[in-house]
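Visitor: Could you take me through one part of this protein slowly, and then show me how that part sits within the whole?

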Amino acid sequence: TSEKIGELLSAMEQEAGGNEFQIKCLVSELCMNLYRRLEIGKKADQEDNPSVNQILSEINGLADMEQVKRYLEGFIQSLQSQSQKQNRYENPLAGKTVRYVQKHYSDPNLSLTGLAETLNVNASYLSRLLKKETGMNFIDLLTETRINKAKQLLEEGKRVADVGLLVGYKDYSYFYQVFKRVEGIAPTEYKRGMGKG
């Protein structure tokens, strides 16, 4: 919960004597430990996991404690939903596909055909399997992953114009349309709303 994360961060602030670099080190360590604990007992391929460096550089780029708190909340949420999703799939290929999309969502050329080739399976088989196991087709899964990540980036204060590119949309106006369709508001409004919190 948000309160617990707040308590945890103030304990870290005290421990680090308010030194922002040390706080980030502690947060990084916490994220790594949570992440590893979640990986234990899972036959996840290494390639499917976000790299340790990626997590460290994301934490490093945070500007202040508010952003650190938001990052930590998002990180814990995504780990929880990942573990729930992975335990939910009967077919390991579905879990592998979801993890692949979660890792490679920023690739603007990510497609069902390309992914099926990477996993050495037939594209229409993969499409049916995804629908059966997740209730979503490939495009819906990719869109959901990208828009969730876009919301996280907007919450971290990234520029709206950059966010679309960062989550895999080459065309800003297309990103804008998709975001508005999924969230009901434009990314600019979403970001303004965050400022009020």
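Guide: What follows is a close look at one loop residue, and after that a view of the whole chain and its cysteines.

The model is a predicted one, and the place to begin is Asn 120, which lies in the loop between α6 (112–118) and α7 (123–134). The backbone angle phi of Asn 120 is near 55 degrees, a positive value in a residue other than glycine. Most residues other than glycine have a negative phi. Asn 120 has a relative accessible area of 69%, and because exposed means over 50%, this residue counts as exposed.

The loop that holds Asn 120 joins two helices, and the protein as a whole has eleven helices and zero strands, so that reading along the sequence gives the pattern α-α-α-α-α-α-α-α-α-α-α. Of the 197 residues of the protein, 40% count as buried, while the protein exposes about 11200 Å², of which carbon and sulfur atoms supply 49%. Among contacts between residues at least 6 apart in sequence, 60% join residues at least 24 apart.

The cysteines deserve a look as well. A disulfide is a covalent bond between the sulfur atoms of two cysteines, and the structure holds zero disulfides. Cys 25, at 34% relative accessibility, counts as partly exposed, whereas Cys 31 counts as buried because its relative accessibility is 0%, and buried means under 20%.

Note on methods. Residues are numbered from 1 along each chain as its sequence is written. This is a predicted model: local features need pLDDT of at least 70, side-chain atom pairs count only at pLDDT 80 or more; totals for chains, interfaces and linings use all residues. Side-chain values use heavy atoms; hydrogens and water are left out. Helices (H or I, at least four residues) and strands (E, at least two) are DSSP runs, numbered from the N terminus. Buried means under 20% relative accessible area, exposed over 50%, partly exposed in between (1.4 Å probe, protein chains only). Contact means heavy atoms within 4.5 Å. Accessible areas come from the Shrake-Rupley method with a 1.4 Å probe; for residues, only the protein chains shown count as cover. A disulfide is a pair of cysteine sulfur atoms within 2.5 Å.
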